[in-house]
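Dear colleague,

Here is the structure I promised to pass on to you, with the sequence alongside. Please open it first, and then read the notes that follow below it.

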Amino acid sequence: FWKGEYHIFYLLAKYKVSWEHLVSSDLINWRELPTALRPDGAPDGPDGLHMFTGSVIEYKGTFHIYYTGWNPENKSGREKIMHATSPDLITWTKHPEDGFYAGGKYYENTDFRDPFLVWNEAEQQFWMAVCARDARNSQPMQGILKSKDIVHWEESAPLVLDPPLGAGTPE
């Protein structure tokens, strides 16, 4: 909700998955806005094929989308956390230099996706929850990364889930 309007971002599943954008002032009548993000990288780049789930958050007057770039042709890994910013929720600028793969300390570079950001008031930093796999045994887990500036992220120990998740990643 921003400036009297509700904003919904959603994935449009067609040949290349993009982030689309709707807005409403009453949650009944909706209008389409321009596509927020398009997969437009190199054919073998991290978001050259699809752009999957992520989240939008505002920080110091700038909106941030962290999303999943997904491309099995990318030799560095099929999933990469990617970053884009906007001053107004309409015009978005990608920041490929801010993107990152799992670092290997806690999480392997497989099923590393779907970032969701929150501000952790107690720690005075952002937390990013991601679907992840344990770097030691490939077990699915809820990964956590932390940042004081919303751009530079460090892997942190995963959330402990009891009982464990089983075979799938925690979407």
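The secondary structure of this protein, which is a predicted model, comes to 11 strands and 0 helices, so that the order of elements from the N terminus on reads β-β-β-β-β-β-β-β-β-β-β. The radius of gyration is 16 Å, close to the 16 Å that the globule rule gives for 171 residues, and the protein is therefore as compact as a globular protein of that length. Taken along the principal axes, the box filled by the C-alpha atoms is roughly 45 × 40 × 30 Å.

As for the interior and the surface, buried residues make up 47% of the 171 residues, and the protein exposes about 9200 Å², of which carbon and sulfur atoms supply 54%. Among the contacts with a separation of 6 or more, 44% are between residues 24 or more positions apart. The protein carries 16 positive and 24 negative charges, and the mean positions of these two sets are 2 Å apart.

The aromatic residues deserve a separate paragraph, and a search of the whole structure finds 12 aromatic pairs. One of them joins Phe9 and Trp92, whose ring centres are 6.0 Å apart and whose planes stand at 85°; since planes over 60 degrees apart count as edge-to-face, the pair is placed in that class. This pair links distant parts of the chain, for Phe9 is in strand S1 (residues 6-12), while Trp92 is in the loop between strand S6 (79-86) and strand S7 (93-94), 83 residues apart. Phe9 and Trp92 are both buried, and ring pairs link these two residues with Trp19 and Tyr67 into a cluster.

Another pair is formed by Tyr66 and Trp153, with ring centres 5.7 Å apart and planes at 80°, so it too is edge-to-face. Here again distant parts of the chain are linked, with Tyr66 in strand S5 (residues 62-70) and Trp153 in the loop between strand S10 (140-147) and strand S11 (154-159), 87 residues apart. Tyr66 has a relative accessible area of 0% and is buried, and Trp153, with a relative accessible area of 13%, is buried as well.

Finally, there are two residues whose backbone I would ask you to look at. Most residues other than glycine have a negative phi. Asp114, however, has a positive phi of about 60° although it is not a glycine, and Ile150, also a residue other than glycine, has a positive phi near 70°.

Where does Asp114 have its place? Asp114 is in strand S8 (residues 113-120), and because its relative accessibility of 16% is under the 20% cut-off, this residue counts as buried. In space, the C-alpha atom of Asp114 is 4.9 Å from that of Gly54, although Asp114 and Gly54 are 60 residues apart in sequence.

Ile150, by contrast with that strand position, lies in the loop between S10 and S11, which is also the loop that holds Trp153. Is Ile150 buried or exposed? With a relative accessible area of 1%, Ile150 is buried.

With kind regards

Terms used:
Residues are numbered from 1 along each chain as its sequence is written. This is a predicted model: local features need pLDDT of at least 70, side-chain atom pairs count only at pLDDT 80 or more; totals for chains, interfaces and linings use all residues. Side-chain values use heavy atoms; hydrogens and water are left out. Helices (H or I, at least four residues) and strands (E, at least two) are DSSP runs, numbered from the N terminus. The radius of gyration is taken over C-alpha atoms; the globule rule is 2.2 Å times the number of residues to the power 0.38. Buried means under 20% relative accessible area, exposed over 50%, partly exposed in between (1.4 Å probe, protein chains only). Contact means heavy atoms within 4.5 Å. Accessible areas come from the Shrake-Rupley method with a 1.4 Å probe; for residues, only the protein chains shown count as cover. Lys and Arg count as positive and Asp and Glu as negative; His and the chain ends are not counted. The place of a charge is taken as NZ of Lys, CZ of Arg, CG of Asp or CD of Glu. Rings of Phe, Tyr and Trp (its six-membered ring) pair if their centres lie within 6.5 Å; planes under 30 degrees apart count as stacked, over 60 as edge-to-face and the rest as tilted.
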